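Please open the structure in the viewer and keep the sequence panel visible beside it. The tour below proceeds selection by selection.

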Amino acid sequence: MNTMFDRYAGIVFFAIGTAFVIGSRSISTSAYGSNVGANIFPMMLGSFLALMSIRLIYETFRKQQTQKRKENLDYKRFGIIFVSAVLYALFLEDIGFVISTFLFLMIGFQSMQKGRVWVSLLISVAFSYGMYSLFVNVMDGSLPGFPAWLGF
């Protein structure tokens, strides 16, 4: 763990999170067909990012760097997750939230730790359908559902 890099990254991410919170205040508070406004999601994400950045900055001051070692960067895993995140954003509207989130999580879990497919499958299904149900049914928000060609 490079504490200086983590400290500067925490400061940058805190600034980005704060900018998201400030920027979300200028977004409309209500959306057509939804009780949850378009400003809620970026505000929550920005707040979460800012809080996690504060935690990261705190950890860098608390941690004493005892030994320096060269860490090998894993470009293959990074590339797989980056490409899957881009494809997730591109196909979210076409194949719906549940299916695209499920696929993104499965690819992410399997690229980070091969094997344990059933655990990855269970977590991916539970998270994608659970978040969809929570946002659409409980919070009366709107997300792209299942694609029309599936017949749901």
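Begin with helices H4 and H5, where H4 passes H5 in a right-handed crossing. Select residues 97-112 for H4 and residues 117-138 for H5; the two helices pack at an angle of about 150°, with their axes 9 Å apart. These two values are given together because two packed helices are described by the angle between their axes and the distance between the axes. To display the contact itself, show the side chains of Phe 97, Val 98, Thr 101, Phe 102, Leu 105, Met 106, Phe 109 and Gln 110 on H4. On H5, the partners include Val 117, Leu 121, Val 125, Phe 127, Tyr 129 and Tyr 132. Please bear in mind throughout that this is a predicted model.

**The whole chain**

Next, select the entire chain and colour it by secondary structure. Five helices and zero strands appear, so that, read from the N terminus, the order of elements is α-α-α-α-α. The chain has 152 residues, of which 24% count as buried. A surface display shows about 11200 Å² of exposed area, and carbon and sulfur atoms supply 69% of that area. Among contacts in the chain with a separation of 6 or more, 58% join residues that are 24 or more positions apart.

**The loop between H4 and H5**

Return to the two helices and select Arg 116, which lies in the loop between them. Is Arg 116 buried or exposed? Arg 116 counts as exposed because its relative accessibility is 53%, and the cut-off for this class is over 50%. Its backbone deserves attention as well: Arg 116 has a positive phi of about 50°, although it is not a glycine. For comparison, most residues other than glycine have a negative phi.

**Ser 133 in H5**

Now follow H5 to Ser 133, which has its place in this helix. Ser 133 counts as buried because its relative accessibility is 17%, and buried means under 20%. Add Leu 143 to the selection: it is 10 residues from Ser 133 along the chain, and their C-alpha atoms are separated by 9.8 Å.

**Ile 107 in H4**

Move to Ile 107, a residue of H4. Ile 107 is classed as partly exposed because its relative accessible area is 38%. Which residues does Ile 107 contact, leaving aside its neighbours within four places in sequence? The residues in contact with it are Ile 80 and Ser 84. Select Ile 81 too: although Ile 81 and Ile 107 are 26 residues apart along the chain, their C-alpha atoms are separated by 7.3 Å.

**A nonpolar patch**

Then select Phe 78, Phe 82, Val 83, Val 86, Leu 87, Leu 90 and Phe 91, and show their surface. Together these residues form a nonpolar patch with about 680 Å² of accessible area. One of them, Val 83, is found in helix H3, residues 75-95. Val 83 counts as partly exposed because its relative accessibility is 47%.

**The salt bridge in H2**

For the final stop, select helix H2, residues 40-62, and find Arg 55 and Glu 59, which both lie in this helix. How far apart are the closest N and O atoms of Glu 59 and Arg 55? They are 3.1 Å apart, and the two residues form a salt bridge. Side chains of opposite charge can pair when their charged atoms come close. Along the sequence, Glu 59 and Arg 55 are four residues apart, about one turn of the helix. The structure holds one salt bridge.

Methods
Residues are numbered from 1 along each chain as its sequence is written. This is a predicted model: local features need pLDDT of at least 70, side-chain atom pairs count only at pLDDT 80 or more; totals for chains, interfaces and linings use all residues. Side-chain values use heavy atoms; hydrogens and water are left out. Patches are made of residues with over 30% relative accessible area and no salt bridge: like charges are joined within 9 Å, nonpolar side chains (Val, Leu, Ile, Met, Phe, Trp, Tyr) within 5 Å. Accessible areas come from the Shrake-Rupley method with a 1.4 Å probe; for residues, only the protein chains shown count as cover. A salt bridge is a side-chain nitrogen of Lys or Arg within 4 Å of a carboxyl oxygen of Asp or Glu. Buried means under 20% relative accessible area, exposed over 50%, partly exposed in between (1.4 Å probe, protein chains only). Axes are lines fitted to C-alpha atoms, for helices over the stretch in contact, and angles run from 0 to 180 degrees between N-to-C directions. A crossing is left-handed if the near helix is turned anticlockwise from the far one by less than a right angle, and right-handed if clockwise. Contact means heavy atoms within 4.5 Å.
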